[in-house]
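Dear colleague,

I am passing on the structure below, and my notes on it follow directly after. Please read them with the model open beside you.

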Amino acid sequence: MPLRRLFPKKEKQEHKILRQIERSGDQLQPEYHRATPECPHPERWSMFDSMTAEVEVLEFLRTVVTTLKPELVVETGTFSGISTLWIAEGLQANGRGRVVTCEFDPKVYESAKARFASSPLASFIELRNQSSLDMQVDGTIDLLFSDSDMPIREQEVRRFLPQINPYGLILMHDASSHLKQVREAALKLEHEGLISVVLLPTPRGLVVAQKREGRK
Ligand SMILES: C[S@@+](CC[C@H](N)C(=O)[O-])C[C@H]1O[C@@H](n2cnc3c(N)ncnc32)[C@H](O)[C@@H]1O
């Protein structure tokens with residue numbers, strides 16, 4: 001018997017959730033990530049699925065965009081494209097700006113591409129099928145939303161830091177005390193004097209940070 005039949009490859013979580021979305025659409029449900037000392041009642045928040053940022057974080061993203069009026073937003077980790085669309089909604093309200101978002105998994109990329117193609121917000125979005133660690137973006141980044149693979153978030157911020165507007169914002173998702181890795185990465189960057197950090201106590205945790213260099 002071929003080895004693949006004996007040990008079938010485990011389906012990637014991203015693909016599993018995409019199949020579910022294809023079957024039943026975007027389903028609003030209570031957040032089910034575990035409670036943390038900083039966020040003891042995660043069920044008070046909502047989510048569409050466990051990959052997409054919490055709905056309240058999506059609302060926050062849109063509001064940050066309408067508040068800061070960025071010309072250029074960079075997002076790492078598109079997944080099904082929901083957070084990109086909330087960012088684009090803010091850009092539409094501003095009447096300007098664009099969001100460049102990257103998704104390195106070709107299957108996931110295709111699904112986001114289809115979602116954007118059927119959206120009236122498509123003109124605000126540039127979707128790339130590449131890794132955040134290879135992506136080249138021209139210009140000054142006014143808002144960076146780092147939401148790809150947790151182990152590479154530190155590298156991402158370091159990579160884009162020279163291009164980040166010191167009056168802009170860096171948001172790093174999945175920074176709860178339970179998920180740890182992103183939280184520690186942000187605190188390390190702060191310790192090195194590169195960014196200033198505020199830890200928002202959402203279910204999955206959100207770092208709101210600003211670049212130190214150039215800040216007046
Ligand atoms: C947490 S999900 C993103 C969720 C999305 N931002 C939202 O809230 O709707 C992370 C995504 O990042 C993608 N990813 C992982 N590593 C990446 C990398 N190096 N570059 C680009 N995308 C990556 C994964 O395939 C996955 O779809």
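How many residues does helix α3 have, and how far does helix α3 reach from its first C-alpha to its last? Helix α3 (residues 55-68) has 14 residues and reaches 20 Å, close to the 20 Å expected at 1.5 Å a residue, the expected span being 1.5 Å times one less than the number of residues. Helices (H or I, at least four residues) and strands (E, at least two) are DSSP runs, numbered from the N terminus.

Before going further, please note that this is a predicted model, in which local features need pLDDT of at least 70 and side-chain atom pairs count only at pLDDT 80 or more, while totals for chains, interfaces and linings use all residues. Residues are numbered from 1 along each chain as its sequence is written.

Within α3, Val57, Leu58, Leu61, Arg62 and Val65 are buried; a residue is buried if 20 or more other C-beta atoms, placed from the backbone, lie within 10 Å of its own, exposed if 12 or fewer, and partly exposed in between. These buried residues lie on the same side of α3, because they cover an arc of only 145° around the axis, taken from the directions from the helix axis to the C-beta atoms. Among the elements that cover them are β3 (72-76), α4 (82-94) and β7 (164-173), where contact means C-beta atoms, placed from the backbone, within 7 Å. Just after α3, Lys69 takes a positive phi of about 50°.

Strand β7 includes His173, which counts as buried because it has 26 C-beta neighbours inside 10 Å. Leaving aside residues up to four places away in sequence, His173 touches Ala53, Val57, Ser146, Asp147, Arg204 and Leu206.

The loop between β7 and α7 (181-191) holds Asp174, which has a positive phi of about 65° although it is not a glycine, and Lys180, whose phi is also positive, near 65°. Asp174 is buried, with 24 other C-beta atoms within 10 Å, whereas Lys180 is partly exposed, with 13.

Turning to the ligand, 21 residues surround it, of which Ala53, Gly77, Phe79, Ser83 and Asp149 come nearest; a residue is near if its C-beta atom, placed from the backbone, lies within 6 Å. By class, this shell has nine nonpolar, seven polar and five charged residues, with Ala, Val, Leu, Ile, Met, Phe, Trp, Tyr, Cys and Pro counted as nonpolar, Asp, Glu, Lys and Arg as charged, and the others, Gly among them, as polar.

With best wishes

Definitions and conventions
Two residues are in contact if their C-beta atoms, placed from the backbone, lie within 7 Å.
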